[in-house]
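This report looks at aromatic side chains and nonpolar cores. The sequence and the structure come first, and the description follows.

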Amino acid sequence: MMTGFTPKTLKMLMDAVPVEMHVVGEIPDVLVTGVSYNHRTLQKGNIFVAQKGMHVDSHQFIPLAIERGAVAVFGMQELEGLSVPYVRVKDSREVLAHLAAAFYGYPGRDMTVIGVTGTDGKTTTANLIYHILLAANLRAGIISTVNAVLGDEVVDTGFHVTTPEAPEVQRYLARMRTAGLTHVVLESTSHGLAQHRVTGCEFDIAVITNVTHEHLDFHGTYENYLEAKSRLFRLLGETRPKERGNPRLGVLNRDDESYAYLKQVTAGRQVSYSLSPGADYWADSMEFAGDSTRFVVVGPAIRQPVQTCLVGPYNVSNCLAAFCATVEGLGIDPEVAARGIASMRGVPGRMERIHMGQPFLAVVDFAHTPNALKQVLLAARQMVRGRVIAVFGSAGLRDREKRKMMAEVSAELADFTILTAEDPRTESLEDILAEMAAGATGRGGVEGVHFIRVPDRGEALRRAVQMARPEDCVIACGKGHEQSMCFGETEYPWDDRVAMRAALAELLGVEGPSMPELPTSSSV
């Protein structure tokens with residue numbers, strides 16, 4: 001049990017949930033040992049919260065949850081006759097978040113919580129903020145899609161995970177509080193916001209990077225997607241007063257299509273940033289090199305030089321967002337903020353250079369949206385004098401529109417494109433690649449001249465490095481830091497960084513890792 005944790009009864013937790021509930025049965029005076037949404041991992045004394053997902057309705061597992069020792073069940077269906085109390089609610093996910101927050105004693109109320117959302121750049125911006133907090137000698141933690149840093153402890157947040165589910169988020173926050181942390185940066189995806197995974201976190205500052213084409217398979221329309229992102233800014237109005245104060249600041253991107261809408265819905269103060277004059281904070285004197293970027297942040301009575309190892313205009317925008325959140329939101333000295341930005345040496349799988357002694361640049365990046373791919377290809381163009389060779393795919397059972405769009409972007413901006421596998425899941429990889437090839441052809445690409453299809457990702461990387469000449473750039477996009485790739489319903493071990501090293505080692509005849517194998521590999 002965590003230090004400072006106060007045991008909660010079922011009634012105490014129910015009293016803390018601010019939603020309408022219909023109770024079937026008597027509420028016993030029983031201690032609760034946890035809050036669970038998964039009947040397989042549920043422990044005796046847990047509350048079980050049944051949810052209706054896109055593919056599975058966990059109401060069917062209520063009997064199994066009770067068998068495992070659930071002391072109460074929350075759900076959305078009308079049910080009677082259970083051997084434990086049943087509480088019917090309108091939205092199980094919202095209730096799950098509040099129960100988890102209440103179970104851990106609302107840890108977000110004891111810290112300053114900074115939320116970062118957007119289509120592209122969330123992880124980089126969240127890490128920039130985290131490094132600024134450290135430079136300011138603040139005891140800070142971070143929860144991102146890459147990992148969770150809980151003081152001295154680093155936790156892997158898993159394969160293909162966006163924002164963790166609400167009980168995990170609240171458990172991380174509680175561990176941070178126990179470790180004596182005072183500030184936390186929480187990366188918040190659109191899924192995490194729409195599904196209430198970060199409800200109850202008590203946000204003080206909300207940051208947007210951008211809102212571009214992505215996840216329309218889940219949200220349906222851009223408007224629904226933007227609305228999901230806007231929840232982070234609306235949540236500022238729900239944060240309770242804290243002893244350390246409430247900045248209640250929304251950090252908005254003046255250059256992005258989302259600006260006008262978020263300006264209307266943001267609860268609390270606002271500050272804007274831009275790559276050009278017209279915002280509260282903007283970038284002047286931008287200089288780009290192959291391995292660094294320099295610019296000057298201009299703001300109210302501020303002209304602060306900044307240097308970063310991050311490359312490309314989009315990373316200047318990410319730096320501006322982090323600068324605004326910390327300088328305007330927390331009162332951190334601009335020079336300290338600049339020092340924090342300079343201290344960040346990059347994020348795993350984000351424009352990560354892989355060097356095995358080859359005479360060309362090899363890069364791995366997470367870009368898996370049309371806008372992200374556009375930005376990294378433009379950045380790659382600035383980093384080398386030679387050609388840009390792009391290797392990427394598009395995921396199965398996800399937004400189909402972006403398959404064509406990403407191939408179009410690469411046809412226009414890369415010198416050569418290799419279309420390959422990226423989590424085809426239960427879809428036909430051949431069909432996915434055909435859709436992408438059609439997109440490239442539609443932008444003037446000629447198959448065999450400007451692009452090729454290589455289904456096996458390992459072989460695609462081999463082909464890319466074999467054709468690279470001195471001063472070229474080979475950039476593998478879409479997987480970044482991820483540690484697996486899904487074929488069918490199976491996750492196979494895969495790391496683009498390991499695979500790139502393997503391809504380079506084979507090319508150079510030097511010692512290196514073996515190429516990971518996938519179902520598409522010729523040796524399988």
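In this predicted model, the charged end of R109 lies over the ring of Y106, at 3.7 Å from the ring centre. A like arrangement is found for R171, whose charged end is placed over the ring of Y172, 5.8 Å from its centre. The two cases are set out below.

| Charged residue | Ring | Distance to ring centre |
|---|---|---|
| R109 | Y106 | 3.7 Å |
| R171 | Y172 | 5.8 Å |

Aromatic rings also pair with one another, and the structure contains three such pairs. In one of them, F103 and Y104, the ring centres are 5.0 Å apart and the planes meet at 85°, which is over the 60 degrees required, so this pair is classed as edge-to-face. Both partners can be placed with respect to the surface: F103 has a relative accessibility of 6% and therefore counts as buried, and Y104, with a relative accessible area of 13%, is buried because its value, too, is under 20%.

Turning to the nonpolar cores, the largest has 60 residues, among which M351, I475 and M500 touch the most other members. Helix α12, spanning residues 370-383, makes the greatest contribution to this core, supplying seven residues. A second core, separate from the largest one, has 44 residues, including I142, A325, A337 and I341.

The surroundings of I475 can be given in detail: when neighbours within four places in sequence are left aside, I475 is in contact with M351, V363, D365, V376, L377, V388, I389, A390 and V391. M351, one of these contacts of I475, is itself among the residues that touch the most other members of the largest core.

Methods:
Residues are numbered from 1 along each chain as its sequence is written. This is a predicted model: local features need pLDDT of at least 70, side-chain atom pairs count only at pLDDT 80 or more; totals for chains, interfaces and linings use all residues. Side-chain values use heavy atoms; hydrogens and water are left out. A nonpolar core is a set of buried Ala, Val, Leu, Ile, Met, Phe, Trp, Tyr and Cys residues joined through side-chain atoms within 4.5 Å. Buried means under 20% relative accessible area, exposed over 50%, partly exposed in between (1.4 Å probe, protein chains only). Helices (H or I, at least four residues) and strands (E, at least two) are DSSP runs, numbered from the N terminus. Contact means heavy atoms within 4.5 Å. Rings of Phe, Tyr and Trp (its six-membered ring) pair if their centres lie within 6.5 Å; planes under 30 degrees apart count as stacked, over 60 as edge-to-face and the rest as tilted. A charge sits over a ring if NZ of Lys or CZ of Arg is within 6 Å of the ring centre and within 35 degrees of the ring normal.
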